[in-house]
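Please open the structure in your viewer and get a cartoon view ready. We will go from selection to selection, with a word at each stop on what is there.

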Amino acid sequence: MNVGHASVHPVEDPPTTEGANGLRVRMKDRQGMPATLGGLALRFFQFVFAAAALCVMATTSDFPSVTAFCYLVAASGLQSIWSFSLAVVDIYALLVGRSLQNYRVVLFFAMVDGITSTLTFAAACASAGITVLIDNDLSSCSQNHCVQFETATAMAFISWFVALPSFLFNFWSLASR
């Protein structure tokens with residue numbers, strides 16, 4: 001018996017763009033997002049300013065007596081750990097040429113960036129309020145470490161100001177998906 005071999009001609013089915021099975025597109029790499037040089041720079045400055053706020057506040061002897069200052073130390077510590085961890089991940093991704101534009105990864109980064117930046121902003125605002133109270137209203141800066149409190153508060157605000165673009169870039173990429 002003489003059997004012929006079947007020929008297979010692949011036919012592509014055009015992707016549907018209707019419903020939940022829509023066309024999936026890779027997210028664009030924007031500077032400021034994870035695994036980009038802009039993202040690494042943002043993470044580096046977040047870490048530097050959060051660590052500076054933490055160190056300046058921790059060098060004062062009377063920060064534990066005020067709850068807002070303890071909150072600033074905790075929020076700055078969390079921000080510095082998160083920023084350092086993501087800076088290490090960004091360095092690794094840049095060295096091996098890996099993109100971190102997976103939907104779930106970006107969602108996780110956006111959520112944690114939003115939480116840490118909100119905590120840092122709230123702690124900086126609370127510390128600024130207490131610093132103004134001590135300096136202007138009570139006029140007892142001679143008995144306290146007002147310069148250190150003001151410096152730590154300013155560093156926390158700058159850390160928040162640098163953390164906000166990271167959150168916004170990640171959130172923007174999720175929204176434009």
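The tour below starts with the whole chain, then visits the helices and some of their residues.

**The whole chain**

Before selecting anything, keep in mind that this is a predicted model. Colour by secondary structure: you should find four helices and zero strands, in the order α-α-α-α along the sequence. Of the 177 residues in the chain, 36% are buried. If you turn on contacts and keep those with a separation of 6 or more, 79% of them join residues 24 or more positions apart.

Next, bring in the annotation. An unreviewed UniProt entry lists residues 35-59, 71-95, 107-134 and 154-175 under "transmembrane region". Select 71-95 from that list: the stretch is 100% helix and 0% strand, with its end C-alpha atoms 36 Å apart. Do likewise for 107-134, where the chain is again 100% helix and 0% strand and the end C-alpha atoms lie 41 Å apart.

**Ahead of the first helix**

Select Ala35, which sits in the segment before H1. What is the sign of phi at Ala35? The angle is positive, near 70 degrees, in a residue other than glycine. As background, most residues other than glycine have a negative phi. Ala35 is also buried, at a relative accessible area of 14%.

**Helix H1**

Now select residues 37-58, which form helix H1. The end C-alpha atoms of H1 are 31 Å apart, in agreement with the 32 Å that its 22 residues should span at 1.5 Å a residue. Show the side chains of its buried residues: Gly39, Leu40, Leu42, Arg43, Gln46, Ala50, Ala51, Ala53 and Met57. Turn the view to look down the axis of H1, and these buried residues fall within an arc of 165 degrees, so they line one face of the helix. H2, H3 and H4 are among the elements that cover them.

**Gln46, on H1**

Stay in H1 and centre on Gln46. Is Gln46 buried or exposed? With a relative accessibility of 0%, Gln46 counts as buried. Setting aside neighbours within four places in sequence, Gln46 contacts Gln79, Ser83, Ser159, Val162, Ala163 and Ser166. Draw a distance from the C-alpha of Gln46 to that of Ser159: the two atoms are separated by 4.9 Å, although the residues are 113 apart along the chain.

**A salt bridge between H1 and H3**

How many salt bridges does the structure hold? There is one, and the side chains that form it are those of Arg43 and Asp113, at 2.7 Å from N to O. This pair links distant parts of the chain, since Arg43 belongs to helix H1 and Asp113 to helix H3 (residues 103-137), 70 residues apart. Switch on a surface to check both ends: Arg43 is buried at 3% relative accessible area, and Asp113 is buried too, at 2%.

**Helix H2**

Select residues 67-96 for helix H2, which has 30 residues and reaches 44 Å from its first C-alpha to its last, close to the 44 Å expected at 1.5 Å a residue. Within H2, pick Ser80, which is buried with a relative accessible area of 7%. Beyond residues up to four places away in sequence, Ser80 touches Phe47, Ala50, Ala51 and Leu54. Then step just past the end of H2 to Gly97, where phi is positive at about 75 degrees.

**Helix H4**

Move on to residues 146-175, helix H4, which has 30 residues and runs 42 Å between its first and last C-alpha atoms, close to the 44 Å expected at 1.5 Å a residue. Its buried residues are Cys146, Phe149, Ala152, Thr153, Ala156, Ser159, Val162, Ala163, Ser166, Asn170, Ser173 and Leu174. The cover over these buried residues includes H1, H2 and H3.

**Last stop: cysteines**

Finish by selecting the cysteines. How many disulfides are there? The count is zero. Two cysteines to click on are Cys55, partly exposed at 46% relative accessible area, and Cys125, partly exposed at 33%.

Notes
Residues are numbered from 1 along each chain as its sequence is written. This is a predicted model: local features need pLDDT of at least 70, side-chain atom pairs count only at pLDDT 80 or more; totals for chains, interfaces and linings use all residues. Side-chain values use heavy atoms; hydrogens and water are left out. A salt bridge is a side-chain nitrogen of Lys or Arg within 4 Å of a carboxyl oxygen of Asp or Glu. Helices (H or I, at least four residues) and strands (E, at least two) are DSSP runs, numbered from the N terminus. Buried means under 20% relative accessible area, exposed over 50%, partly exposed in between (1.4 Å probe, protein chains only). The expected span of a helix is 1.5 Å times one less than its number of residues. UniProt positions are given in the numbering used here, feature names are shortened, and annotations may be inferred rather than shown by experiment. Contact means heavy atoms within 4.5 Å. The arc is that of the directions from the helix axis to the C-beta atoms. A disulfide is a pair of cysteine sulfur atoms within 2.5 Å.
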